[in-house]
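This report covers a helix, the nonpolar cores and the salt bridges of one chain.

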Amino acid sequence: MPATTTPFPKQRIEVVLAESIHPRAAELCEAEGFKVRSIKPALGERELADVLKTAHVLGIRSKTELSASALQNAKRLLAVGCFCIGTNQVDLASACSLGVPVFNSPFSNTRSVAELTIAEVVMLARGIFTKSQKMHRGEWDKSAAGAHEVRGRTLGIVGYGHIGSQVSILAEAMGMRVMFYDIISKLALGNAQRAPSLGALLEAADIVTLHVPATPHTKNMIGEREIGKMKKGAMLINNARGNIVDINALAAALKKGKLGGAALDVFPHEPIGAGDAFESPLRGVENMILTPHIGGSTEEAQESISQDVVTKLIRFVNNGSTTGAVNVPQVELPEQGDGTSEDRGSDTTSAKRAGGRRHRILHFHRNQPGVLKKLNGVAADLGVNIAAQYLQTNDSIGYVVLDVDPTDGVRLTDGFKKIQETIRVRLLW
């Protein structure tokens, strides 16, 4: 068989991991035989362009911006891994249109963020940060004024997803009264109570913590009007997304004494790298805890995220499964059949005769009527035996996976490339 028909060998798959992703990610990729390149800082526009000239898999965290123009020039890119919860740093629609799945890890840092939130609840209620600052200045202030136990106080959770519900459990275990608000109906855990509206929660809570995604609806969802509904002396925590809180309104409320304190781990504008200056109207405000986007920055969370995202990336590269992708149709695939009797429900005779593992064809195409008919027409014209076929679509693209006899894979792949709606075809042996 000519060399041009040989599938891309694993050792030539180039994986680039940026933004100091946990070493476990590189270990897993190298164990698969992939070539790995690790980069500590986030990638600027020029560095990203250079990386995308050769990368087949790109791993990033929250600082590297993967725009539509960058993706258009990434001719070899097969998949992107976001080693974090959010994916708003990637132009998901453009990646989808190019047949590039984007994977993330929406749950792996849940516990770490929840623990930080609970720690901040206690520190704010006790004024610990302010006391610590005074100690560093040589001041001894042993006063109990303004310091409270959290037991019996009301915690309002905005966003009752994986992190919000975990915070709920921890807070209730400490004796807090928990209420939550979510736009989606959620099962209340323990004795937590659902608030009828965001306004009702803000009015009732002693401490409000935010755990919502970044969407057009959540941008500046806590502004001057919402802060005005909160109790005098109430506390606010945001460990979710930087554009959820109007920072200027928060700073004004703290300086006027409307709020008794706040803790922020995320900001509308964050420095790109370590050592870059952090500017905010919240700097120097009393009882204001500022942390540099470290909610999920524990060794346990980062290792778990690496394990999760890399597992998804490897499965896609090796197997074609898109389970866990946030922008393309999700298809969960079995291992490629080898024509043995264990290959359930398939016609094994021709594969046995060919003496090899079935070929798998991964086909991304524009979601237009008649594409599947064209694909099957090509197979029929070539006399190809299709052992298994899988299809899922979204509004813009379709993803078809076919397992065929080893003698037919290359011919069918070449035929599929000629179909007008084809975006990308890849052959697995």
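## Helix H11

In H11, the buried residues are Ala301, Gln302, Ile305, Ser306, Val309, Val310, Lys312, Leu313, Ile314, Phe316, Val317 and Asn319. The model is predicted. An α-helix has 3.6 residues a turn, so residues three or four places apart point the same way. The helix covers residues 299–319, and at 1.5 Å a residue its 21 residues should span 30 Å. The end C-alpha atoms of H11 lie 29 Å apart, which agrees with that expectation. After H11 comes Gly320, with a positive phi near 95°.

## Nonpolar cores

The largest nonpolar core contains 33 residues, and Val208, Leu236, Leu250 and Leu259 have the most contacts inside it. Two or more residues each come from strand S7 (177–181), helix H8 (198–204), strand S9 (207–210), strand S10 (234–238), helix H10 (247–256) and S11. The largest contribution is that of H10, with six residues.

Leaving aside residues up to four places away in sequence, Leu236 touches Leu124, Val208, Leu210, Ile222, Met230, Val245, Leu250, Leu259, Gly261, Ala262 and Ala263. Another core, of 32 residues, lies apart from the largest one; among its members are Cys29, Val309, Ile314 and Val331. Val309 and Ile314 are also among the buried residues of H11.

## Salt bridges

The count of salt bridges comes to 19. Three of these pairs are listed with the distance between their closest N and O atoms.

| Basic residue | Acidic residue | Closest N and O atoms |
|---|---|---|
| Lys63 | Glu270 | 2.5 Å |
| Lys186 | Asp182 | 3.4 Å |
| Arg411 | Asp408 | 2.7 Å |

Lys63 pairs with Glu270. This pair links distant parts of the chain, 207 residues apart: Lys63 sits in the loop between strand S3 (57–60) and helix H3 (68–72), and Glu270 in the loop between strand S11 (259–264) and strand S12 (288–290). Lys63 has 23% relative accessibility and counts as partly exposed. Glu270 is likewise partly exposed, at 23% relative accessibility.

How exposed or buried are the partners in the other two pairs, Lys186 with Asp182 and Arg411 with Asp408? Lys186 is partly exposed at 30% relative accessibility, whereas Asp182 is buried, with a relative accessible area of 9%. Arg411 is partly exposed, its relative accessible area being 36%, while Asp408 is buried at 6%. Because buried means under 20% relative accessible area, Asp182 at 9% falls in that class, as does Asp408 at 6%.

Salt bridges also join Lys131, Lys134 and Asp141 in a network.

Technical notes. Residues numbered from 1 in each chain as written. Predicted model: local features only at pLDDT ≥ 70, side-chain atom pairs only at ≥ 80, totals over all residues. Heavy atoms only, no water. Salt bridge = Lys/Arg side-chain N within 4 Å of Asp/Glu carboxyl O. Helix = DSSP H or I, 4+ residues; strand = E, 2+ residues; numbered from the N terminus. Buried < 20%, exposed > 50% of the residue type's maximum accessible area, 1.4 Å probe, protein only. Expected span 1.5 Å × (residues − 1). Core = buried A, V, L, I, M, F, W, Y, C linked by side-chain atoms within 4.5 Å. Contact = heavy atoms within 4.5 Å.
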